Amino acid sequence: MCVFERKNIKNNVNYLLQESLYKMLTLWTRVVQAAFIFLTTESIVPPEKPKNLNCIVNEEKNMMCQWDPGRKTYLETNYTLKSEWATEKFADCKAQRDTPNSCTLDYSPVYFVNIEVWVEAENALGNITSDHINFDPIDKVKPNPPHNLSVRSSEELSSILKLAWINPSIKSFLRLKYSIQYRTKDASTWSQIPPEDTSSTRSSFTVQDLKPFTEYVFRIRCMKEDGKGFWSDWSEEASGITYEARPSKEPSFWYKIDPSHTHGYRPVKLIWKTLPPFEANGKILDYEVTLTRWKSHFQNYRVNDTKLTVNLTNDRYIATLTARNLVGRSDASVLTIPACDFRAVHPVMDLKAFPKDNKLWVEWTAPTESVNKYILEWCVLSDKSPCIPDWQQEDGTVHLTYLRGNLMESKCYLITVTPVYADGPGSPESVRAYLKQAAPSKGPTVRTKKVGKNEAVLEWDQLPVDVQNGFIRNYTILYKTAFGNETAVNVDSSHTEYTLSSLTSDTLYMVRMAAYTDEGGMQLVSIHLEQQKKESQEQEEDIECVVNCLHE
């Protein structure tokens, strides 16, 4: 009886387990089916109405139409482009599966007859038709670009270039308008010929108001004259150079006098600047220099260089300079070389120089007298090499300009401004400046000049200009005993010695010194020998000396 009951209980348990598992599987199946139904209901949709239907007829090709098919249907959906005349239907154009938004018709377009076009979209869940559009295919033409574009200059006018081209073949029955763009050879942006100047069919055009002796690049495109349809692609680019013109400005002109005299003569070096291309207006062939001694002698020189050295008497001279190209000569630059006993006066006032926008600017107040022009000269100051000047000329109305040269950072420039009057140069004024300052690359060498009971006099040399890297604004002296706190003293940059006072007698002091510009100084590093120098990774140097204050 006991064995039978146990067997019956075991069967009941197995039955309950099987029934629970079956219910769980059934429930899971229903969840999966519900999820599948939900997902497929959200994704599989009938096609939307195609929108933005438009067509284009590329010259010598069949018409191609495009549209926006709308949302993704997640079903195989067919798009069919349909077209017809009022009295005739054409073969359907079925879009490829990988490009469901366009189709190219199989027949050549017929111009000057309206055609009606629309798109039908269809899948298993439905179909829909786009709006119909009705147009003449001639109004959808994109012509081929003009070809064989050529450019030639004119010897009569240096400001024009003449363009010529061959129109596309569609020009035989379609009137065209054009878009012409041009730029100088090195420019990145294009200029546009006014559209109203090229609004009718043509095969040539003259571009005006160009710079002489300048290379220009051109390109052209075309479209239907009434603006319907599409612009062609741009033609291949073509270039040409405008003809030369007479130089538009006189060269900058200056002189230097050698202080040495020989038997009543003085060596004078005449110097001038080459004209920039936009003023030279052609290739400069040579320069002509004329020297006239006051009210008498006349000398003439033809030079292929930008300098000329002549021996002049101690008299006053008038020098003129012209530049010549293939077309003609520039206006003359006139320079008065005063007599030997001339005394320059009337300098500029309030001269200053400052860096801004990575340029070194120079500003001054003009003298009260009328100034013909200003000469600016500058050079790098160095203890190792001579001051070799560069220079530039400014009009007499200018009082603010920047130095147009290849300037370097951390270099001290000596800048001189000389006003030039009708009777000769005025007194020069100079100023020093930096394009950009840096911390000194070396520190000062400090020495003990005198040691007393409670004080010590330190001295040092001014830093060489090559290692200053900027204007030295101050020195910092730091000193301490072996176990004491460090004391810092700032010293004006004009000083070359300083007295440390209130020192403790019979005590060893460690002294260090640094120099500072507007861009900072150096991080001080200890060294251990008197007057020994040590350079840090930042190329900064500290100097320390040992000062032993004596008893009375």
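This is a guided tour of a predicted model, with a selection to make at each stop.

**Whole chain**

Start with the full chain and a secondary-structure cartoon. The chain has 39 strands and 3 helices. Of its 552 residues, 38% count as buried. If you switch on a surface, the accessible area comes to about 31,900 Å², and carbon and sulfur atoms account for 50% of that area. Among contacts with a separation of 6 or more, 64% are made by residues 24 or more positions apart.

**Confidence**

Colour by pLDDT next. The chain averages 88, and 87% of the residues score at least 70. Select residues 1-10: here the pLDDT is below 50, and the stretch has 0 contacts in the model beyond near neighbours in sequence. Then select residues 30-41, where the pLDDT is again below 50 and where there are likewise 0 contacts beyond near neighbours in sequence. Where pLDDT is low, the predicted coordinates should not be read in detail.

**First disulfide stop: Cys55 and Cys65**

Show all cysteines as sticks. How many disulfides does the structure hold? There are 3. Counted along the chain, the bonded cysteines follow the pattern 1-2, 3-4, 5-6.

Select Cys55 and Cys65, which form a disulfide with the sulfur atoms 2.0 Å apart. The angle about the S-S bond is 105°, and the link is right-handed. Cys55 belongs to strand 1 (residues 51-58) and Cys65 to strand 2 (residues 63-68), so the bond ties together parts 10 residues apart in sequence. Are these two cysteines buried or exposed? Cys55 has a relative accessibility of 1% and counts as buried; Cys65, at 0%, counts as buried too.

**Second disulfide stop: Cys93 and Cys103**

Move the selection to Cys93 and Cys103. Their sulfur atoms are 1.8 Å apart and form a disulfide. With -85° about the S-S bond, this link is left-handed. Cys93 lies in strand 4 (residues 93-94) and Cys103 in strand 5 (residues 102-104), so this pair ties together parts that are 10 residues apart in sequence. Cys93 is buried at a relative accessible area of 7%, and Cys103 is buried at 8%.

**Third disulfide stop: Cys379 and Cys387**

Select Cys379 and Cys387. A disulfide joins them, with an S to S distance of 1.3 Å. How does accessibility compare across the pair? Cys379 is buried, with a relative accessible area of 5%, whereas Cys387 is partly exposed at 36%. The cut-off for buried is under 20%, so Cys379 at 5% falls within it and Cys387 at 36% does not.

**Two further cysteines**

Keep the cysteine sticks on and pick Cys222 and Cys340. Cys222 is buried, with a relative accessible area of 0%. Cys340 counts as partly exposed, at 38% relative accessibility. Leave Cys222 displayed for the next stop.

**The loop at Ser232**

Select Ser232, in the loop between strand 15 (215-224) and strand 16 (238-241). Despite the loop setting, this serine is buried, with a relative accessible area of 4%. Which residues is Ser232 in contact with, leaving aside its neighbours within four places in sequence? Show Lys142, Pro143, Asn144, Pro145 and Pro146, then add Arg221 and Cys222; these are its contacts on that basis.

**A sheet of 4 strands**

Finish with the segments that make up strands 19, 20, 22 and 23. These 4 strands form an open sheet in the order 20-19-22-23, with antiparallel pairing. Which are the edge strands? They are strand 20 (298-303) and strand 23 (333-337), each of which pairs on one side only. From one strand to the next, the twist averages 20°.

Now restrict the view to strand 19 (residues 286-293) and strand 22 (residues 317-324). The two run antiparallel and are joined by 8 bridges. To see one position across this pairing, select Glu288, which stands opposite Thr322 in strand 22.

Key
Residues numbered from 1 in each chain as written. Predicted model: local features only at pLDDT ≥ 70, side-chain atom pairs only at ≥ 80, totals over all residues. Heavy atoms only, no water. Pairing = 2+ DSSP bridges. Axes fitted to C-alpha atoms, helices over the stretch in contact; angles between N-to-C directions. Buried < 20%, exposed > 50% of the residue type's maximum accessible area, 1.4 Å probe, protein only. Contact = heavy atoms within 4.5 Å. Disulfide = S-S within 2.5 Å. Areas by Shrake-Rupley, 256 points an atom, 1.4 Å probe, with all protein chains shown as cover. pLDDT = per-residue confidence, 0-100.
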